[in-house]
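Thanks for coming. I have one structure to go through today, and I will keep to a few local features. Please have a look at it first.

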Amino acid sequence: MSDLSKYRNIGIFAHVDAGKTTTTERILKLTGQIHKTGEVHDGESTTDFMEQEAERGITIQSAAVTCFWKDHRFNVIDTPGHVDFTVEVYRSLKVLDGGIGVFCGSGGVEPQSETNWRYANESEVARIIFVNKLDRIGADFLRVVKQTEDVLAANPIVMVLPIGIEDDFIGVVDLLTRKAHIWDDSGLPENFEISDVPADMVDLVEEWREKLIETAVEQDDDIMEAYMEGEEPSIEDIKMCIRKGTRTMDFFPTYCGSAFKNKGVQLILDAVVDYLPSPDEVDPQPLTDEEGEPTGKFAIVSTTESFKALAFKISDDRFGALTFVRIYSGTLKKGDTIMNAATGKTERIGRMCEMQADERKELASAQAGDIIAIVGMKTNVQTGHTLCDPKDPIILEAMVFPVPVISISVTPKDKGSTEKMGIAIGKMVAEDPTFKVETDQDSGETILSGMGELHLDIKVDILKRTYGVELEVGQPQVAYRETITAEIDDSYTHKKQSGGSGQYGKIDYKIKPGEPGSGFVFTSSVVGGNVPKEFFPAIEKGFQSMMETGTLAGFPVLDVEIEVYDGGFHAVDSSAIAFEIAAKGAFRQSIPKAAPQLIEPIMAVDVFTPDDHVGDVIGDLNRRRGMIKDQEAGVTGVRIKADVPLSEMFGYIGSLRTMTSGRGQFSMEFAHYLPCPNSVAEKVIADEKAAKAAKSK
């Protein structure tokens, strides 16, 4: 297929348990891609094919499937809802043109919904809203619509109204056509009738239809003027206006139904065709230089342009290494030679395929708009790398990933598994940019870092089941950092004479606390040539290399500004290495004088609890040094937002379930760093020193 107007690259995203994967299953069934729907609670859904996904009933990694509806090709990505796996949502949204935001009819706009919505806003992805689970107790379509306005600052344009609610939910009224779609009790998605609007809903339908038209016609001055003069626009004109407003994210067409009960999904598929953009209708991807700065040029989506694609996911399955790519322009055929712009290396394409979750369909060629997987690439491709035509090297805007905040130490139970563990972890790090590994220089232990307890728990489970590596797992470690709180003015001279040419470098400098989040900032204001300019990079390198290890407990140092304003050099003995050593000595000398302080990661925690346990939950968060920021009462319970130190959140899910009789839920994500209280800092520093002393024996 070469007609890009018939392509829809869409993602399905939501909070945990809002019904993303069930909705995906229904889409695949309705489009004829599968013949039997697999249920999440049975561990049989198409896109949740990992053992860990089937067991836990959650999505861990995004899965791509292709299907067809009304002559249109849908490339669908089902994404995870759990906060520990948001990187899967982020990188999927980066390569998609549209999305379906799924919300629970009773739970409403939940914590992870907000995070995903924010990612989609940043990626400028047009969306449809689907309020799911209207058959649930406590479901209320219009309440969730109001929540999307209040919580997400979105502008929903209601396209359907539910007929009945909870156990009495039987279908929806399409406001555009004024027709009711009513499903029977068979549970089959195709068993529905189209009839007139129920008599008791006529006034409500007219009221919401008027709101729909008024919102839509604002997209076209001529149609709006005619409407103001009393001329109702045609359905085609209204659809054209809705499509335009959806594409520019002025509003979001909003639907409802029950994916599990097979009600309302057809209208979602029609909406994807009618309102979500094709690849050539989306603003083209910006191109950057090697430093990541925009060049002002763009990757125009066209089959006639040179080949440009973004690798957005690396996966290692039973058939070998897969590189998932979104092709932005040009075509790709088996045997073509392409270049990895990040490494400068070229490679000949052997095999490529269209993915159906964990199944593959071999392809001979692919084109702009396609999402495909290339098998067995050898040029060290990583997530975010640009693949392009060697004759036209370009770099697409890169992806930025969050930094891990929690670590564990792991040791193979069987000494013979060390090499096997190293190979396995290497593959897993390539797949997941938020999963990091390092070796403790003192103890030789392997340290795994990730986004949360569940994230690391899944990684250990994959190492055990997929790669056969049994591990001894240490206690979770918090990613503490160090910073300074005072400004000092200091001087350091490095002088060494031991036969032959010596080493000499003198620097006068100021060290002061930087803005939160600024990291390391180096400036030089030396005038008069006291320190030649060619030595400035060496001085900066010396200071920056010392930021990795603080003077309190050896944690990395954040948010420090260093200004070199004077110094001295020797015509013979001064060199870049001498000034680099001087900078390192200066750091060791001055940081302890600048009132160093231990800082800890603070998590934005979002807790849902039934009304009768609110007091217990707030009291527990306070005991964990939490700062309560907001409480929001809902129909089925209360959402509490708080900032809590990560060190106090280990094992929280167990405590929450005990307090709320198993009904509480929570999610958290990294917010910022704050100073540790003295009592906490003293204990952490003492523990680190004791651990280092024990390792050195």
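I will take a helix pair, then a sheet, then a single residue.

Before that, note that this is a predicted model.

Let me start with the helices. Two packed helices are described by the angle between their axes and the distance between the axes. Here the pair is α6, residues 202-217, and α8, residues 235-247. Their axes come within 8 Å, and the crossing angle is roughly 60 degrees. The crossing of α6 past α8 is left-handed. On the α6 side, the contact is made by Leu212, Ile213, Ala216 and Val217. On the α8 side, Ile238, Cys241 and Ile242 make it. What kinds of residue are these, nonpolar, polar or charged? Seven are nonpolar, and there are no polar and no charged residues in this contact of α6 with α8.

Next, the sheet. This is an open sheet of four strands, in the order β7-β8-β9-β10, and the pairing is antiparallel. The edges are β7, 160-163, and β10, 192-196. Each has a single partner strand, so one side of each is left without a neighbour in the sheet. From one strand to the next, the twist averages 25 degrees. β7 pairs with β8, residues 171-174, over four bridges. Within that pair, leucine 161 is opposite valine 173 of β8.

Last, glutamate 110. Where is glutamate 110 found? It is in the loop between β4, 98-104, and α4, 111-122. Its relative accessibility is 12%, and buried means under 20%, so glutamate 110 counts as buried. Glutamate 110 and phenylalanine 608 are 498 residues apart in sequence, yet their C-alpha atoms are 8.8 Å apart in space.

Definitions and conventions. Residues are numbered from 1 along each chain as its sequence is written. This is a predicted model: local features need pLDDT of at least 70, side-chain atom pairs count only at pLDDT 80 or more; totals for chains, interfaces and linings use all residues. Side-chain values use heavy atoms; hydrogens and water are left out. Axes are lines fitted to C-alpha atoms, for helices over the stretch in contact, and angles run from 0 to 180 degrees between N-to-C directions. Helices (H or I, at least four residues) and strands (E, at least two) are DSSP runs, numbered from the N terminus. A crossing is left-handed if the near helix is turned anticlockwise from the far one by less than a right angle, and right-handed if clockwise. Contact means heavy atoms within 4.5 Å. Ala, Val, Leu, Ile, Met, Phe, Trp, Tyr, Cys and Pro count as nonpolar, Asp, Glu, Lys and Arg as charged, and the others, Gly among them, as polar. Two strands pair if DSSP finds at least two bridges between them. Buried means under 20% relative accessible area, exposed over 50%, partly exposed in between (1.4 Å probe, protein chains only).
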